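Visitor: I would like a close look at a single part of this molecule. Please take one region and go through it piece by piece.

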Amino acid sequence: MKLLDGREVAAFHRSRIERRIAELQKGHIQPKLVIFLVGGDKPSAMYAASMQKTARSVGLQADVYQYEAAVQEAELIARIEQCNADSSVFGILLMMPLPPHLDAQSVVNAIRPDKDADGLTDCNVARLFTGRPAFVPCTPQAVMAILDYYGVELAGKEVVVIGRSAVVGKPLAQLCLARNATVTQCHTGTADLKAVTRRGDVVIAAVGKAGLVTADMIKPGAVVIDVGINRVDGKTVGDVAFDEVAGVAGAVTPVPGGVGAVTTMMVLANVIGGTTHSM
Ligand code: NAD
């Protein structure tokens, strides 16, 4: 069984991003990422701080614009529009969730599509689903980066995606379709999950249920990508029962150190505009 090491993939993309930023700096361009953080959600604040640190470590300028939870939509949108018009701002990230009085998608849609570092605007979603080049959410992009790095060919293969969320499962299925895979999307309404996953040459689990994917659900030699992040007894684990699946699969991503290790780099790649996906 081959271990698909997300940290190695992240390191590869980090150096590519650093080289691109150095080139821009040589031309006296200092690209900037702006992160909007609204209210006191702790995980969002932690994610914003970690994103800022990683962005700075590759040479990006990264600013966090912090707002009280009571901020009005018009104020946020006005600031986003300033960033849209500022040529030094290459990417804009909006930490989710937003407080309930705000219409999150209206605020997201204020971001200019070519600065939409998380690929969440309706425009980028539509572009992805209609087969045009698009900025894509970072987690599905991280999955593709791992498959590409390890040379996993998708054309003509059976790919099973478990999960159908708007930010992970659905865009992932589109990206695999664009590579000419035959894609089956499973979800809570799937009658016989095992019967479907056993057909998969590639099985991608994006559910959020520890141990959901067991060895008997995997075709021998299949590639298994574990997107899930779950806390069990103080430890972080994925959706895949790693030890038993490793005995059957041809290749597996670990958790931690798999998909999660690559996602931040994909946001930064979007910021410098290097990874719009052509369908
Ligand atoms: P979500 O809760 O929005 O969606 C989960 C999906 O799983 C749903 O579409 C649901 O239909 C499906 N599902 C639930 N139970 C199922 C079952 N028993 N059988 C088949 N399908 C089932 O979650 P999400 O935002 O898509 O995230 C999925 C997982 O990926 C979570 O564990 C999340 O923490 C993780 N995640 C990881 C990263 C990363 O960087 N590695 C990023 C985002 C999300």
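Guide: What follows is a walk through the region that a UniProt record marks as a domain, with a few points outside that region at the end. Keep in mind throughout that the model is predicted.

The record, an unreviewed entry, places the feature "domain: Tetrahydrofolate dehydrogenase/cyclohydrolase NAD(P)-binding" at residues 137–273. This span is 32% helix and 19% strand, and its end C-alpha atoms lie 13 Å apart. For "binding site", the unreviewed UniProt entry lists Gly163, Arg164, Ser165 and Ile229. From this set, Ile229 is taken in by the lining of the largest pocket.

Start with Gly163, which sits in the loop between β5 (158–162) and α7 (169–178). Is Gly163 buried or exposed? The relative accessibility of Gly163 is 9%, and buried means under 20%, so Gly163 counts as buried. Leaving aside neighbours within four places in sequence, Gly163 is in contact with Gly169, Gln185, Cys186, Ala206 and Val207. Of these partners, Gly169 is also listed among the buried residues of α7.

Ser165 is placed in the loop between β5 and α7 as well. Ser165 has a relative accessible area of 33% and is partly exposed. Again leaving aside neighbours within four places in sequence, the contacts of Ser165 are Lys170 and Pro171. A polar atom of the Ser165 side chain also lies 3.1 Å from the backbone nitrogen of Val168.

The loop leads into α7, so the helix is the next stop. Helix α7 is mostly covered, with seven of its ten residues buried. Those buried residues are Gly169, Pro171, Leu172, Ala173, Gln174, Leu175 and Cys176. What covers them? The elements that do so include the helices α5 (122–129) and α6 (138–149), together with β5, β6 (182–186) and β7. Just after α7, Asn180 takes a positive phi of about 65°.

Cys176 of this helix also comes up when the cysteines are checked. How many disulfides does the model have? The count comes to zero. For Cys138, which is in no disulfide, the nearest cysteine sulfur is that of Cys176, 16 Å away. A disulfide needs the two sulfur atoms within 2.5 Å, so this separation rules the pair out. Cys138 counts as buried, at 8% relative accessibility.

Another residue in the marked span is Val213, found in the loop between β7 (202–205) and β8 (223–226). Although Val213 is in a loop, its relative accessibility is 0%, and Val213 counts as buried. What is Val213 in contact with, leaving aside its neighbours within four places in sequence? The list is Ile162, Ala205, Ile218, Asp239, Val240, Ala241 and Val245. The C-alpha atoms of Val213 and Phe242 are separated by 8.6 Å, and these two residues are 29 residues apart along the chain.

The domain is also touched by a residue from the start of the chain. His13 lies in helix α1 (residues 6–26). With a relative accessible area of 11%, His13 is buried. Beyond its neighbours within four places in sequence, His13 is in contact with Ala145, Met265 and Met266. Beside His13 in sequence is Phe12, and ring pairs link Phe12, Tyr149 and Tyr150 into a cluster.

That cluster brings up the aromatic pairs, of which the count comes to four. A pair of aromatic rings is described by the distance of the centres and the angle of the planes. Take Phe36 and Tyr65, which are outside the marked span: their ring centres are 5.5 Å apart and their planes are at 85°, so the pair is edge-to-face. Phe36 belongs to strand β2 (residues 32–38) and Tyr65 to strand β3 (residues 61–67), so the pair ties together parts that are 29 residues apart in sequence. Phe36 counts as buried at 0% relative accessibility, and Tyr65 counts as buried at 16%.

To return to the starting point, the loop between β5 and α7 holds both Gly163 and Ser165. In that loop, Gly163 is buried, whereas Ser165 is partly exposed.

Technical notes
Residues numbered from 1 in each chain as written. Predicted model: local features only at pLDDT ≥ 70, side-chain atom pairs only at ≥ 80, totals over all residues. Heavy atoms only, no water. Buried < 20%, exposed > 50% of the residue type's maximum accessible area, 1.4 Å probe, protein only. UniProt positions renumbered as here; feature names shortened; annotations may be inferred. 1 Å grid on protein atoms, 1.4 Å probe; cavity = no way out; pocket = protein on both sides within 12 Å on 5 of 7 lines; lining within 4 Å. Helix = DSSP H or I, 4+ residues; strand = E, 2+ residues; numbered from the N terminus. Contact = heavy atoms within 4.5 Å. Polar contact = N/O pair within 3.5 Å; in protein donor to acceptor, adjacent residues only side chain to side chain. Phe/Tyr/Trp six-rings, centres within 6.5 Å; stacked < 30°, edge-to-face > 60°.
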